[in-house]
Amino acid sequence: MSEEEKFYFMLPALVKDGLVEDDSIHYAMTSYPQEIASQAAITIVTDYTNRNNKLDTSTKKRVKTIMEYLAIALSLPMKHTRLMTTARNKYREWLENPSIFGAVPRQNKYLCRIIKQLSLPFAFREPVADNFKSSFNNLLNNILNDIKFFHTTSGSWFTKETWYTLLNVSIGIADAVLNYDFGQFLPKSDITKLRQKAVDNYFSILQLSGLKDDDVWKRFNEYCRKWTKHFDFIRVWGKSVTKLFVYFNIRIYKPKLETQQEPFQEGVYSPENPISDEMVGFIFHHFVYAVDHQRLIEEPAELLKEFAINMLAITETAQALGDVTSEFFIKRFPIIPFLKIFGVYLTFCPILSDNYDEPVSSFVTAIISLLSNFQIDNYDNPSINRLITYVLNRTTPEHMLPLAAFLNTGYKLYRHNNKILPYVSIKTLDMIMQLNPAKAQKIVNEDFYSPCTSLFISATEMMSRHPNIFEKYQPAFQFLWNNTNRNEVQFQLLCFGSNIDVDITEKIFLHFQETTFRQMTSDVQKIAFIAGLIYLLSARLRFEPRSTSEAICSKRLIPHITTCITKTDPSHLDNFDILACALLQLFITALEWGVNIFTDRENLKYLYEFVDFVKGSLKAYSKYKKLKKESSDNEKSERSERSDKSERSDSSKFSGSDQENKRLIKGNGRWVEHSKSFIRACYEDIMGRISLHYPNSELFTRRSNSVGELNEEYIAKKLGLTDYKINYFAVRHNTLISFVEKTDGTGPLFLLSRGTHGRCVFLVEENLRRGIQDPQLADVVKRAPLNKAEKLQNREPIINTVDDLKQSPTISDLEADDERIRSVYAKSFDEWLDISGLSYVPDFNQHQPYQRPRVADFISKMGLLTQPSVYDVTYFTSDETVRNSIEKLDQVEFTTVEPVLIKHVLPCDKSIEDTNVCKRMTPLMSQFLEQVGEPMQLSPECCSANDIFILNTPVPAVPMTRGHIIFMSSAMVNSDITAKKINQTETLVTIIFNETDFDLKIELEKSPKSLLLVIRPKGKGLYHVTQLQVPLEMYSPFCEEQCISAKTLAFNISVCIEQFVPIKENLFPNTVHQRNKILKELEEKCGKKVDPALVANTFH
């Protein structure tokens, strides 16, 4: 037999490559030519197959003989896969029960032979495509599984020679599989699986063998460098290094692990024989530096891409290790040790051609993760600056994928590292304009613009004070707006743009063109976005009233928005109420905060049109409910009649017109049903604002309970009245009027009206005459008292008859009557004839009593009291009861307050519950509270009315619809007990003020009911804000992460809470209903109707 024809009882390459010595001398069949031995093996192993595991293995010679035939069967051409499978099955049986070989030394001896023989099929003799794909591939995978099972379960009793055999055979198998061309026989997925399993087997045997011999690890390095050109080797190597890296760190931070978590519990290792830290470090060190990384840039880009992906995975794994080391604070992996281990692999690439852009983009992502999420003790370290320089040199317009990768992940840089931010921010705004989405489609997809927007917001806020920054961020904003199709990203851009002088009203205007609006509302998912745009306008109007009012008027937003909504058929849009409620809030905000919005006739016209539309819908809904009740009653009646088997009358049913009315009413009015209380409250509030245009002063004074200070005593003091009286009367059960005047009737008088829509003060002054500057008449016509009348002269009477004389009085009788009349009326007669008195114009600077109307005159002259009294004028018999009712009316007018809870986390805390322990305040927290809102003092009564704890200090406040958002923390209460309770308050928005350098582990709600933000101060008035959870009902203006100012934060929170005003009843109570109820109760207690005939005597 020639050397070329020599038969080996193992993969021939094992001998040829010097991995395993030829052991043919131990086999008898080597004395026969291979062809004859093969024929004999075919016959005999076919018989073994048919016997179905009934082989006699009672003696060692029989076992040895069977092994020779099985070995030859494993070397047969591929068409005999069935016989190879028989041999493999028998060996698997023996591997599971090696006792048939005798004692342990003998078991090791024969098992070494089996392992070598199992390598024979990897010679791929005479491959046949059909066999390869159907059965031969399964055979190869099963052999690899057998070797894995064998060394993991039985390694504890292996000799060193057995481990050597396993290692070298697995090297030979892996080398054969990696270098064989499977392309015509197997699909790519099967090839990848087979190759990776072969390499993984070798790595597993090496790691579990416990061997530290130089020749073993020298051969490992030799073959790994050789295999570096193979994609599947790089992938398995990366996974193995990641696993070792994790275990190496876990050994440091948590040496006590549960058994099932221990990867080194197989092979030679066990709980009784654990692997040492030194050995873990030894293995890890050799595996990390096993690849020839310089060779990677000489191979196709796909290979470098796989390597880069592995480096990125290792980086992310190191970042995630913080979760293992802490229960509350997420510690960060130190960057310097990591760079010492893996830094060379992250930065070895020179500037390559654009063919390598994809792997370079992975390196860019990994380095950004390093700079963002790893512990950096010294930000001035040259290594840190070199890393960011390395990244920016590779993110140029010539390399679009790395540039896109930077824009996709750069927002992370704003988490901890402050030193590089100004430089990065300027570069970011330039990069956004350099991006060509068409050339970076592998990264620039639908999800790309959300993190890119986060980066843009952070960069713009960082450079907001930089000169000429508008020229950079305005085109960047426009680029993002033009390229993103996601409404949530557009909403984030608009909310932020409103704070940086971007004309957001122009963008909003485009969405309320009839065609665009119709297209968007056809998708139910976009209704919340459209409503969000209206809420955004409302919030902006409160923060910048004048400029926003001008923009609203110039863009004709009120007409466009109102037209789009009113032209929408409510019966065809389930969420119509969301849009209508948003518009109602916009109108209320425009009335309270707008500057000359409704002096524009067109805006006023559309306001009235929408109010009429709402009024009609409310009426339609009421009628629908009535018809529905009647229908229900009729159905009950019909069922009753049916049970009595009597004929139903047609009159018990709806007529055809009634049915049609029911259908129409339901279509026009059903949208009211979802938010009817809010809609009615808004409608009545708008009607009051239209009438009085008198917003709640607390919105502007930032002092709660200040409305009650506008009372009779305050106004009297302002007017200098000390001795005055008050008459109370009510008109039509909904207006309480205080008529205040001096007791002597001189000086000014005023009326304080408390009605269903608030209060008003009317001042009445004397000497106010239309067209007359000064009372000149008293100076021109002087007072002229009449002269005293003289006695009448006696005259001779003309007597015709005696009888006539007898009927006439005597002169003396007449004189007596005259004197008596003169003594009673002479003084009054002089006053009545006074010219000045008759003119009702007193002398200049001279006051006269009753020169202006009394309360009785006011009621009658104003037409409030008629016969019959259609205005139901009522006066009250108990001033004390009236004053009690006035206190209740004052409480109704308290500002609505929605708290934002701030939980303050310090380095001493071990859980979020520790923030509840006591009051806490630091300079950074104090600075934040100063920046986030304007100070507002909440009275105890206001706190009680809004169901919040009494706060002892001024609180930061920002406006919302008919109220304020306040920021409260445990530092604002008077005791540690209350501090603990306040931190347990449920609020729509909760802020965790994180004053540590660590991220936090926060348990989130499965179905979020509140917005949860974590804020970390960054200095220079900026805060890193992380959005952890968002309620389903909220369209959030926040990105997942951003670095923003306190002003932007407060604005975004106001936009968020604005969306809950229609949902949460306490944010917009029906004050009209409450006031009416109070006045009605007052009238029931002490009110009496005024009789027009007795009006002069009723008020005195």
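**Entry 1: surface and overall make-up**

Accessible areas here come from the Shrake-Rupley method with a 1.4 Å probe, and for residues only the protein chains shown count as cover. With that settled, I looked up the total for the protein chain, which exposes about 52800 Å², with carbon and sulfur atoms supplying 50% of it. I note that this is a predicted model, in which local features need pLDDT of at least 70 and side-chain atom pairs count only at pLDDT 80 or more, while totals for chains, interfaces and linings use all residues. Residues are numbered from 1 along each chain as its sequence is written, and side-chain values use heavy atoms, with hydrogens and water left out.

I then took the secondary structure, where helices (H or I, at least four residues) and strands (E, at least two) are DSSP runs numbered from the N terminus. The protein chain comes to 45 helices and 16 strands. For burial I kept three classes: buried is under 20% relative accessible area, exposed is over 50%, and partly exposed lies in between (1.4 Å probe, protein chains only). Of the 1100 residues in the protein chain, 52% are buried. I also looked up contacts, meaning heavy atoms within 4.5 Å; among those in the protein chain with a separation of 6 or more, 72% are between residues 24 or more positions apart.

**Entry 2: nonpolar cores**

A nonpolar core is a set of buried Ala, Val, Leu, Ile, Met, Phe, Trp, Tyr and Cys residues joined through side-chain atoms within 4.5 Å. The largest one has 291 residues, and those with the most contacts inside it are Phe 406, Phe 456, Phe 928 and Ile 1053. Helix H28 gives the most to this core, with 12 residues. A second, separate core has 12 residues, including Tyr 728, Phe 876, Leu 889 and Leu 1082.

I followed Phe 456 further and, leaving aside residues up to four places away in sequence, found that it touches Leu 429, Ile 432, Tyr 473, Ala 476, Phe 477, Leu 480, Leu 493 and Phe 496.

**Entry 3: Thr 562**

I turned next to Thr 562, which is placed in helix H27 and is buried, with a relative accessible area of 1%. Again not counting residues up to four places away in sequence, Thr 562 touches Leu 583, Phe 587, Tyr 606 and Phe 610.

**Entry 4: salt bridges**

Side chains of opposite charge can pair when their charged atoms come close. The criterion I used for a salt bridge is a side-chain nitrogen of Lys or Arg within 4 Å of a carboxyl oxygen of Asp or Glu, and a search of the whole structure finds 29 of them.

The pair Arg 88 and Asp 146 forms one, with the closest N and O atoms 2.7 Å apart. Arg 88 lies in helix H4 (residues 81-96) and Asp 146 in helix H6 (residues 129-154), so this pair ties together parts that are 58 residues apart in sequence. Both Arg 88 and Asp 146 are buried.

Arg 92 forms a salt bridge with Glu 96, the closest N and O atoms being 2.8 Å apart. These two both lie in helix H4, four residues apart, about one turn of the helix, and Glu 96 is partly exposed at a relative accessible area of 49%.

I also looked up Glu 602 and Arg 556, whose side chains meet in a salt bridge at 2.4 Å, N to O. Glu 602 lies in helix H29 and Arg 556 in the loop between helix H26 (545-554) and helix H27 (557-566), so the pair ties together parts that are 46 residues apart in sequence. Glu 602 counts as partly exposed at 27% relative accessibility, and Arg 556 is likewise partly exposed, with a relative accessible area of 34%. Returning to the earlier pairs, I note that salt bridges with shared partners join Arg 88, Arg 92, Glu 96 and Asp 146 into one network.

**Entry 5: positive phi**

Asp 501, although not a glycine, has a positive phi of about 65 degrees. Asp 501 is found in the loop between helix H22 (487-497) and helix H23 (504-511), and counts as exposed at 66% relative accessibility. Asn 596, also a residue other than glycine, has a positive phi near 60 degrees. Its place is in the loop between helix H28 (576-593) and helix H29 (601-643), and at 52% relative accessibility Asn 596 counts as exposed.

**Entry 6: cysteines**

I searched for disulfides, taken as pairs of cysteine sulfur atoms within 2.5 Å, and the count comes to zero. Cys 224 is buried, with a relative accessible area of 0%, whereas Cys 908 counts as exposed at 59% relative accessibility.
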